[in-house]
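Hi everyone, thanks for having me. Have a look at the structure on the screen, and I'll walk you through some parts of it.

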Amino acid sequence: MKWSQILFLVLVITGVTLAQSDIDAKVDQLLNEMTVAEKVGQMTQIAIDFISNAGEAQGQDALQLDPARMELVIQKYHVGSILNVGTHAHSVAKWHEIITAIQDMALQKTRLRIPVIYGIDAVHGANYTRDATLFPQAISMAATWNPELLKKTAEITALETRASGIPWNFNPVLDSGRQPLWPRLWETFGEDAYLASILGVAYVKGLEGDSNDISAPDKVAACLKHYIGYGTPVTGKDRTPAWIPDHYLRQYHLPPYAAAIAAGAHTLMPNSGDVNGVPVHASHYLLTELLRGELGFEGVVISDWADITNLHTRHRVAANNKEAVRLAVMAGVDMSMVPTDLSFPDALIELVQEGSVPMERIDEAVRRILTLKYRLGLFERPYPDKSLQAQFASPAAAAVNLQAAREAMILLKNDNRTLPLRKSLKVLVTGPNAERLSPLNSGWTITWQGNREELYPKDKWTVRKAIEAKIGKANVAYVQGATVDRETGIAAAVKAAKKADVVVACLGEDAYCETPGNITDLTLPEAQLNLVKALQATGKPVVLVLIEGRPRIIRSIVEDSRAIVLAFLPGLEGGRAIADVLFGDANPGGKLPVTYPRHPNDLVLYDHVLAENTGGTSRYHPQWPFGFGLSYTTFAYSDLRLDKQNVPRGETVTAQITVKNTGQMAGKETVQLYLSDVVASITPPNRRLQGFEKIDLAPGESKTVSFTLGEAAMSFVGLDGKPVVEPGQFKVSVGHLQQTFEVK
Ligand code: BGC
């Protein structure tokens, strides 16, 4: 290394250390000056609903802050954090007005002038700011299998959130989506912890920056949620118990959190539900021993919505609210999203005065919160940065959004190359989701439920509009046929189908979010199945486009559909992207980040532990398996080779594979490597994803992809909760090819 490089390194290192020690000194000084009430105020987060007329404010930018409530919350209770939006998205200017008024009060009317930290759910872009760039939701981004692209979307999300004056984003969701009924499946990166780990890290780096310097004007603090085990409720209903043995929790749920914490994420939110009978908000084991002790997390733990009160009212592990507060704070929650009363600070002050919560625990929590505020640069720049508005919702961001939506499209079926369609065909567009933007976006869009179609931007295209733009209005007929769960004119749709060359049926779900999205049957509602069956009976080719947040079962209409495109929730450019794929202006390359089940009582995941071939029958019978997705071109896999067959423990093995585009069109292929531990001391999963790479191939082009497998890939979590590599045979599969190696 040259002297100049060494000097540079020293400068960087001391620069960083100085900055951190500076922050430590400032935090110490503040802590010395703070009263108990001021400290507890910092640990309190209140919803804007409590300090405004949010409940009644229906018009655009109609929200008005309530001065008396503001005074009560910020001046009297010293509250350090506010969240949420009110009824619906505000303009950037309105956000600036809100944040400025809040900071004015904190900085001018409180003794210590500590800025407030505002937090928001910007889960697919700055979805609570009007006209923001709204990307595909997480499940669709996972379908791209493209971490670099996801990172770009997170960078834009950070910029547009900060441009709104908000420095803290309650995202990403790193729950393993292993229960397809769960209404939050679409907020996850799917069922596999390895895929979610890689995507989660990319997203965190996009929000916080490569060096996690969140003082940068266009970065925000990430919040990993909802630690841990939220994605597998036994009943499939939101916020209901999960039963997960500790070694499975560590194997299937912990890796994305561990990876994102190692990547420097600043904050984390616990699971609202309970795991093995212990509500996570009250679990010292999960929130302190595992999270702090083992994973080394140093950031802020913010409760989820009302989840400290819920320890008393829902989980009934606390006899009253005060006991709930004690349990949560002592378990390791640093800040309470109360969110619409002041019960938390009242109770916590009493607990401190009685000695049931020690001052050290309060100081620890407040230190973390103040450190976060310093790291964000809030003390130096508490007000919105008006200069960012010039970059808000830029054409470049719209281009990234369109690319993301295109790459998210999964082609599940394409008999006789029905797709792409010729642009000269006469098309009937039908189904509940052909003419609405809300199902393309779902929850966390403009409003919490995302279902107020009338509030969506008028310049964005539905599927119908995008198809009309592509092939001309004269070539497109539209009949709705059915809503999501009600027939509205199947006969009219059939009549129109008879005059068309092809039918495009846009099916799926309405917009929903969290508990209101609970369902009791994963099967697609009958009205839609009836519509499709009637259309299929006409003999016209039927193409299905599925716009849905979870894999709704469609077994009865698969066989007679000529082609099926799964769009999941592709965001505001989704209509365009769907039309691009249907007519061949984009080649679909998305792959399933979840298993698509065939039967409602057969929800087996790809990494199940059932033997693949008991009595000659496979136990995995999905409609389409995890990782599946077709293309308009074809790829041939050949020559899978390993650099060694015998692998001493602790060494790595490298696998190489050659992939060739054997079709007529350029295309992207995600090459996936799966590893199986043939025999292990606890029943081994059938196989596990341990590597993937997305490549771009011109017709006739070949590429060789290599994967290095180390201890992390070969290990599993044993009954003692620790990863172990056991000697014996391992099977490597890529595409249809397999090789084996032996760990000695
Ligand atoms: C959700 C969280 C969200 C919070 C704040 C809760 O209901 O579970 O994901 O961050 O609300 O809006």
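Let's start at the ligand, and keep in mind that this is a predicted model. Which residues come nearest to the ligand? There are 13 residues around the ligand, and those that come nearest are Asp-121, Arg-184, His-226, Arg-239 and Asp-304. For some residues we also have distances to oxygen atoms of the ligand. Asp-304 has a polar side-chain atom 2.6 Å from a ligand oxygen. For Arg-239, an N or O atom of the side chain is 2.7 Å from an oxygen atom of the ligand. And Lys-225 places a polar side-chain atom 2.9 Å from a ligand oxygen.

Now, on to the first sheet I'd like to show you. Five strands make up this open sheet, in the order 4-3-2-1-10, and the pairing is parallel. Strand 4, residues 168-169, and strand 10 are at the edges with a single partner strand each, so one side of each has no neighbour in the sheet. Further in, strand 2 (residues 81-83) and strand 3 (residues 117-120) run parallel and are joined by three bridges. If you want a pair to look for, find Ile-82, which stands opposite Tyr-118 in strand 3.

Let's go back to strand 10, where you'll find Ser-336. Is Ser-336 buried or exposed? Ser-336 counts as buried because its relative accessible area is 2%, and the cut-off for buried is under 20%. Here is something fun about folding a chain up: Ser-336 and Gln-42 are 294 residues apart in sequence, yet their C-alpha atoms are 9.6 Å apart in space. Beyond its sequence neighbours within four places, Ser-336 is in contact with several residues, including Met-43, Thr-44, Gln-45 and Phe-344.

Just before that strand comes Asp-334, in the loop between helix 11 (321-331) and strand 10. Asp-334 is buried too, with a relative accessible area of 0%. What does the side chain of Asp-334 make a polar contact with? The partner is the side chain of Arg-368, at 2.9 Å. Asp-334 also touches Met-43, Arg-292 and Ile-369, among others that are not within four places in sequence.

Next, the nonpolar cores. The largest one has 171 residues, and the residues with the most contacts inside it are Ile-82, Ile-102, Tyr-227, Leu-348 and Ile-554. Let's pick Leu-348: apart from neighbours up to four places away in sequence, Leu-348 is in contact with Val-40, Met-43, Val-325, Val-329, Val-357 and Ile-362. There is also a second, separate core of 46 residues, and among its members are Leu-411, Leu-425, Val-463 and Ala-579.

Now for another sheet. This open sheet has six strands, in the order 11-16-15-14-12-13, with mixed pairing. Strand 11 (410-414) and strand 13 (476-479) are the edge strands, each pairing on one side only. On average, neighbouring strands here are turned by 20 degrees against each other, ignoring direction. Strand 15 (residues 542-547) and strand 16 (residues 563-566) run parallel, with four bridges between them. In that pair, Val-545 has Val-565 of strand 16 as its bridge partner.

What lies across the strands here? Helix 16, residues 463-471, lies across strands 12, 13, 14 and 15, and runs at about 165 degrees to strand 13. Helix 18 (residues 526-536) has a number of buried residues, including Ala-527, Leu-531 and Leu-535. A quick reminder: an α-helix has 3.6 residues a turn, so residues three or four places apart point the same way. The buried residues of helix 18 pack against strand 12, helix 17 (490-499), strand 14, strand 15 and helix 19 (555-558).

My last stop is strand 25, residues 728-734. Five of its seven residues are buried, so strand 25 is largely enclosed by the rest of the structure. Strand 25 runs antiparallel to strand 20 (residues 667-677), with five bridges joining them. It also runs antiparallel to strand 26 (residues 737-743), this time with seven bridges. Please find Phe-730 on the screen: Asp-677 stands opposite Phe-730, and in strand 26 the bridge partner of Phe-730 is Phe-741. Strands 25 and 26 form a hairpin with two residues between the strands, where Gly-735 takes a positive phi near 55 degrees.

That's my tour, thanks for listening!

Conventions. Residues are numbered from 1 along each chain as its sequence is written. This is a predicted model: local features need pLDDT of at least 70, side-chain atom pairs count only at pLDDT 80 or more; totals for chains, interfaces and linings use all residues. Side-chain values use heavy atoms; hydrogens and water are left out. Two strands pair if DSSP finds at least two bridges between them. Axes are lines fitted to C-alpha atoms, for helices over the stretch in contact, and angles run from 0 to 180 degrees between N-to-C directions. Contact means heavy atoms within 4.5 Å. Buried means under 20% relative accessible area, exposed over 50%, partly exposed in between (1.4 Å probe, protein chains only). A polar contact is a pair of N or O atoms within 3.5 Å; within protein, one must be able to donate a hydrogen and the other to accept it, and residues adjacent in sequence count only if both atoms are side-chain atoms. A nonpolar core is a set of buried Ala, Val, Leu, Ile, Met, Phe, Trp, Tyr and Cys residues joined through side-chain atoms within 4.5 Å. A residue is near a molecule or strand if one of its heavy atoms lies within 4 Å of it.
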